[in-house]
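Dear colleague,

I am passing on the structure we spoke about, followed by my notes on what was found in it. Please have it open beside you as you read.

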Amino acid sequence: MTALSSENCSIQHLLHQSKQPLDVNYLLFLIILGKVLLNILILGMKRKGTRWSFMEYFCFSLAFVDLLLLVNISILSYFKDFVVLGIRFTKYHICLLIEIISFTYGFLHYPVCLLACIDYWLNLSRATRHSSQRQRLLYFLTVILTWISVLAYVLGDPAISASLKTHRIYVHQCPSYVSTQSNWLSLSMLMVLFVAFLISWPEVVALIQAIRIASYMNKAILYFPFPLHSGCTVISRKTLLPRLIVCFLSTWFPFVALQVLILSLRVQIPAYIEMNIPWLYFVNSFLIAAVYWLNCHKLYLRDSMLPTDPFINWKCCFVPVPRLKQVERPISIVIC
């Protein structure tokens, strides 16, 4: 009888161990580590020599914050329970830090997009005449102020504070905030792309059919024939729209398909994962294309103040380059 009871106790002990959840902190460490590595990869892949913008500064600040988050999670996971300046830190603070970062990231989508639009619009209309150093200082201060403002809002909002206190009981689950801003922003961009494609789908199909691949100035390029336009200003919006669509989708089509899949399946992605550098560069390309299209009559092709994209050379989608002698008619170059 004693042997049987001891055997039952051992079985119950094994079942109890098997039901224990996996180490959430270790999983969070792997996720943030993967995000940091992805940041390094994307920042290394972007085109060199592009003019700095607000979005560029914010992307680097996001990479820095992700790196700080990884370091803090590593320290908290390694020491587990320690005291610094009279404050006791435990594994619970990893979840608390992730929740605060999730709320902060989740509320950053709209402000960042708005500030990026203002930046491109002012540069395009030549409203900013600051020197390069003053403009970079302005970008840096704007990024710092954006982070501080959103973080202050998160820490000062009573509803968020109550949510952080409520989540203290979920020691092993570590729930995180899922942003609605990114979902609405993604849905809006997809709808605009869909409507734009419907409006100009014959021209888009014609451009895709005319695309050729060649090498120009030691770069792989896509080109398609169309007549040169006179003057230094860009042509009408109707003619420019299909070229912008082809340029955008030639680079970001996999990401567009991913956004469609996420929205269709209603995937709930935590905000600390969803706010990432590939997503920001995707939004950045969309914003630049929108600003180009809305201000097509204000564009001057020789103007060095045109907004630049780290992944798409938008200027080449409407600048004629009649230098390839093997082509009978003048062509325009699209570097992707």
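To begin with a single residue, Ile75 has a relative accessibility of 37% and therefore counts as partly exposed, since that class lies between the 20% limit for buried and the 50% limit for exposed. Please bear in mind throughout that this is a predicted model.

Ile75 belongs to helix H3, which covers residues 54-79, and together with Leu67, Val71, Tyr78 and Phe79 it makes a nonpolar surface patch of about 510 Å². The length of H3 agrees with expectation, because its 26 residues should span 38 Å at 1.5 Å a residue, and its end C-alpha atoms are indeed 38 Å apart. H3 is followed by Lys80, whose phi is positive, near 65 degrees.

A positive phi also occurs at Arg266, where the value is near 55 degrees. Most residues other than glycine have a negative phi, which is the reason for pointing these out. Arg266 sits in the loop that links helix H9 (237-265) to helix H10 (271-274), and with a relative accessible area of 70% it is exposed.

Helix H4, residues 92-106, gives another picture. Its 15 residues should span 21 Å at 1.5 Å a residue, which agrees with the 21 Å between its end C-alpha atoms. Of those 15 residues 11 are buried, so H4 is largely enclosed by the rest of the structure; among the buried residues are Ile94, Cys95, Glu99, Phe103 and Tyr105, as well as Gly106.

Turning to the protein as a whole, there are 11 helices and 5 strands, and 42% of the 336 residues count as buried. The accessible surface comes to about 19100 Å², with 68% of it belonging to carbon and sulfur atoms. Among contacts between residues at least 6 apart in sequence, 79% join residues that are at least 24 apart.

Finally, a word on confidence. The average pLDDT of the protein is 77, and 70% of the residues score at least 70. Over residues 1-21 the pLDDT is below 50, and beyond near neighbours in sequence this stretch has 1 contact in the model. Residues 321-336 also have a pLDDT below 50, although that stretch has 45 contacts in the model beyond near neighbours in sequence. Where pLDDT is low, the predicted coordinates should not be read in detail.

With best wishes

How values were computed: Residues numbered from 1 in each chain as written. Predicted model: local features only at pLDDT ≥ 70, side-chain atom pairs only at ≥ 80, totals over all residues. Heavy atoms only, no water. Patch = residues over 30% accessible without salt bridge, like charges linked within 9 Å, V, L, I, M, F, W, Y side chains within 5 Å. Areas by Shrake-Rupley, 256 points an atom, 1.4 Å probe, with all protein chains shown as cover. Salt bridge = Lys/Arg side-chain N within 4 Å of Asp/Glu carboxyl O. Helix = DSSP H or I, 4+ residues; strand = E, 2+ residues; numbered from the N terminus. Buried < 20%, exposed > 50% of the residue type's maximum accessible area, 1.4 Å probe, protein only. pLDDT = per-residue confidence, 0-100. Contact = heavy atoms within 4.5 Å. Expected span 1.5 Å × (residues − 1).
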